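Colleague: Please take a close look at the charged side-chain pairs in this model, and then go on to the metal site and the surface. A connected account would suit me better than a list.

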Amino acid sequence: MRKTFEGLILSETVLKERDKILTILTAERGKVSVYARNVRSLKRGSLAYTMPFQHCRFEVEERTSGMSLINGDVLHSFYDITNDLAAFALGQYILDVTRELTVENNNEADMLRLTLNTLYLIQKGERSLQHIKATFEFRAMAISGYMPELHGCDICGCEDGEMLFDVMNGIIYCRECQKIRNMGEARPEDTGTASIVLQLTPSILKGLRYVLSAEPNRVFSYSIAEDEQADFSEVCEKYIINHLERGFTTLDFYHEVANM
Ligand SMILES: [Zn+2]
């Protein structure tokens, strides 16, 4: 049966001769795999609507064995971010994370919108890559079922002042309650439990809360003081990497080129 849908190409697996398999993120059907036949040649490269970083409308033939591509139209190309090495590295990482966090046969409209908005901002070049990356990481986790509870101290409920972020439990607690927690830390059952605790200044906490609660089209519209941007980024990256329990070669590559 012929079907059409829109989606963002997250990755391609090049096969023998002129074929490849595309991994595409769609809003209603989540992540899908599409077999694309005769779409690349040595002379002309690949057809535009079969390349990563392209948001396209696809026409496919769907059978029980899978989908094969018939035709496509590029709706918006993000391909020109590949002209800047740091932007390209970040874009690749964004696509990798999106692929990791999304599944098949699931409504992924929120994740698709976030990823498209993120690539769009990288392309525009008006926001720092560091800001875009941190915001994407934290929001993507919240969308994907890893929403931390940052309203107030997990023990006493207070909402203001400096807090400590227990990354793996996704909770915060205040200095006073930390002292009480520390007193109980000698308990034998606690040994061996890895905990990652990061300090959050009031302004970093405010930024994190904003990223979790902002309207989808406003999620990047905040700022962090320059001297706190590195700490803010560290919180977001630690949160995603530790919860997903994996690294990304594209993230390592981004760090390499961003520091050049
Ligand atoms: Zn407290």
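Modeller: The count of salt bridges comes to 13, in a model that is predicted. In general, side chains of opposite charge can pair when their charged atoms come close. I will go through three of the pairs in turn.

Take Arg2 and Glu61 to begin with: their side chains meet in a salt bridge, with 3.8 Å from N to O. Arg2 is in strand β1 (residues 2–14) and Glu61 in strand β6 (residues 54–63), so that the pair links distant parts of the chain, 59 residues apart. The two partners differ in exposure. Arg2 has 55% relative accessibility and counts as exposed, because the exposed class begins over 50%. Glu61, at 18%, counts as buried, because that value is under the 20% limit. The pair also belongs to a network of salt bridges, in which Arg2, Glu59 and Glu61 are linked.

Strands β1 and β6 are tied by another pair as well. Arg57 forms a salt bridge with Glu6, and the closest N and O atoms are 3.2 Å apart. Since Arg57 lies in strand β6 and Glu6 in strand β1, this pair ties together parts that are 51 residues apart in sequence. Here both partners fall in the middle class of exposure: Arg57 is partly exposed, with a relative accessible area of 37%, and Glu6 is partly exposed at 38%.

The third pair lies elsewhere in the chain. Arg246 forms a salt bridge with Glu100, with 2.7 Å between the closest N and O atoms. Arg246 sits in the loop between α6 (229–244) and α7 (249–258), while Glu100 is in helix α1 (residues 85–101); the pair links distant parts of the chain, 146 residues apart. Arg246 is partly exposed, with a relative accessible area of 33%, and Glu100 is also partly exposed, at 34% relative accessibility.

Helix α7, which follows that loop, contains Phe253. Together with Leu85 and Met260, Phe253 makes a nonpolar surface patch of about 320 Å². Phe253 counts as partly exposed, at 31% relative accessibility; this value admits the residue to a patch because patch members need over 30% relative accessible area.

Now the metal site. The zinc ion has as its protein donors the SG atoms of Cys153, Cys156, Cys174 and Cys177, which lie 2.3 to 2.4 Å from the ion. In sequence these donor residues are spaced C-x2-C-x17-C-x2-C. The angles among the four donor atoms run from 101 to 117°, and the site is tetrahedral. The ideal angle for four tetrahedral donors is 109.5 degrees.

Exposure varies among the zinc donors. Cys153 is buried, with a relative accessible area of 4%, and Cys177 is buried too, at 5%. Cys156, by contrast, is partly exposed, with a relative accessible area of 47%.

One further point concerns cysteine pairing. A disulfide is a covalent bond between the sulfur atoms of two cysteines. The count of disulfides in this model comes to zero, because a pair would need its cysteine sulfur atoms within 2.5 Å.

Definitions and conventions: Residues numbered from 1 in each chain as written. Predicted model: local features only at pLDDT ≥ 70, side-chain atom pairs only at ≥ 80, totals over all residues. Heavy atoms only, no water. Salt bridge = Lys/Arg side-chain N within 4 Å of Asp/Glu carboxyl O. Helix = DSSP H or I, 4+ residues; strand = E, 2+ residues; numbered from the N terminus. Buried < 20%, exposed > 50% of the residue type's maximum accessible area, 1.4 Å probe, protein only. Donors = N, O, S within 2.8 Å, 3.2 Å for Na, K, Ca; no water. Tetrahedral: all angles 85-135°; square planar, octahedral: opposite > 155°, others 65-115°. Patch = residues over 30% accessible without salt bridge, like charges linked within 9 Å, V, L, I, M, F, W, Y side chains within 5 Å. Areas by Shrake-Rupley, 256 points an atom, 1.4 Å probe, with all protein chains shown as cover.
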